[in-house]
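Hi,

Here is the structure I promised to pass on. Have a look at it first, and then read my notes below.

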Amino acid sequence: MGDEMMIALIGAGSALAGALIGGAAVMGAARAARSAYFGPLDVARREGQREAYVALLKAADTYEAETASAVEHARLLLENSTRGSAHRPLRSGPDELAGYRDSISSAATHHPVTAAARQVELEGPTRVAEAAKAVRAAAQQLAVTLTGVERGFGHPDEGLGPVIPDQAHEQHEALRSAINAFASVAGKRLNTW
């Protein structure tokens with residue numbers, strides 16, 4: 001009976017080992033099939049995310065550059081406004097002042113940044129979408145301030161406080177910080193699998 005028991009145990013052990021090896025092979029084949037199916041989909045999804053991230057960075061960088069000069073022009077307009085109200089000679093001529101106003105007016109358009117940010121919000125993931133929302137909010141806030149500057153000079157009776165150009169400068173810095181934070185989060189997302 002000892003030999004029969006030994007043979008039975010060896011047979012059971014062999015069957016168990018065969019089942020484990022077969023199960024591992026089936027699991028490996030299932031993973032390979034899943035990877036073969038989902039791999040191209042994941043690559044396409046990542047490519048869509050990358051394109052959305054790049055579009056937002058381009059739009060935000062362009063807007064940031066345009067608003068940098070507009071913020072400086074707002075400061076110069078205010079300086080000229082206060083010089084004129086103090087009956088001192090203006091530093092800039094009428095054509096130059098009109099150029100400053102045009103610069104502010106064109107920079108107040110944040111729509112490309114908003115559209116690109118919304119696309120990133122759709123592509124996700126959540127952390128990147130939140131960073132894109134921060135860029136969108138900073139661009140919108142700066143646009144509102146620049147529009148206020150433009151209106152303030154268009155309607156002198158409403159007045160333009162000296163705080164507005166400082167506020168625009170702070171909001172421009174906030175936009176720059178939001179863009180940098182987005183670039184960091186998006187870069188980490190694209191560089192991890």
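**What I found**

The protein chain has 5 helices and 0 strands, so reading along the sequence gives you the pattern α-α-α-α-α. Keep in mind that this is a predicted model.

A few overall numbers to start with. The protein chain has 193 residues, and 32% of them count as buried. The chain exposes about 11600 Å², with carbon and sulfur atoms supplying 60% of that area. If you take the contacts with a separation of 6 or more, 79% come from residues 24 or more positions apart.

Now for the charged pairs. How many salt bridges does a search of the whole structure find? The count is 5, and here is how they look.

Let's begin in helix H1, which covers residues 2-85. Arginine 50 and glutamate 47 meet there through their side chains in a salt bridge, at 2.9 Å from N to O. The two are 3 residues apart in the helix, which means about one helical turn separates them. Is this pair buried or exposed? Neither, quite: arginine 50 is partly exposed at 36% relative accessibility, and glutamate 47 is also partly exposed, at 33%.

Next comes a pair that ties two helices together. Glutamate 121 forms a salt bridge with arginine 136, and their closest N and O atoms are 3.0 Å apart. This one links distant parts of the chain, since glutamate 121 belongs to helix H3 (residues 111-123) and arginine 136 to helix H4 (residues 126-154), with their positions 15 residues apart. The two ends fall into separate burial classes: arginine 136 has a relative accessible area of 16%, under the 20% cut-off, so arginine 136 counts as buried. Glutamate 121, at 22%, counts as partly exposed.

Helix H4 also holds a pair of its own, lysine 133 and glutamate 130, which sit 3 residues apart, about one turn of the helix. Their side chains meet in a salt bridge at 3.5 Å, N to O. Lysine 133 is partly exposed with a relative accessible area of 34%, and glutamate 130 is partly exposed too, at 44%.

Finally, there is a small network to look at: Glu64, Glu173 and Arg176 are joined into one by salt bridges that share partners.

That's what I have so far. Shout if anything is unclear.

Cheers

Technical notes: Residues are numbered from 1 along each chain as its sequence is written. This is a predicted model: local features need pLDDT of at least 70, side-chain atom pairs count only at pLDDT 80 or more; totals for chains, interfaces and linings use all residues. Side-chain values use heavy atoms; hydrogens and water are left out. Helices (H or I, at least four residues) and strands (E, at least two) are DSSP runs, numbered from the N terminus. Buried means under 20% relative accessible area, exposed over 50%, partly exposed in between (1.4 Å probe, protein chains only). Contact means heavy atoms within 4.5 Å. Accessible areas come from the Shrake-Rupley method with a 1.4 Å probe; for residues, only the protein chains shown count as cover. A salt bridge is a side-chain nitrogen of Lys or Arg within 4 Å of a carboxyl oxygen of Asp or Glu.
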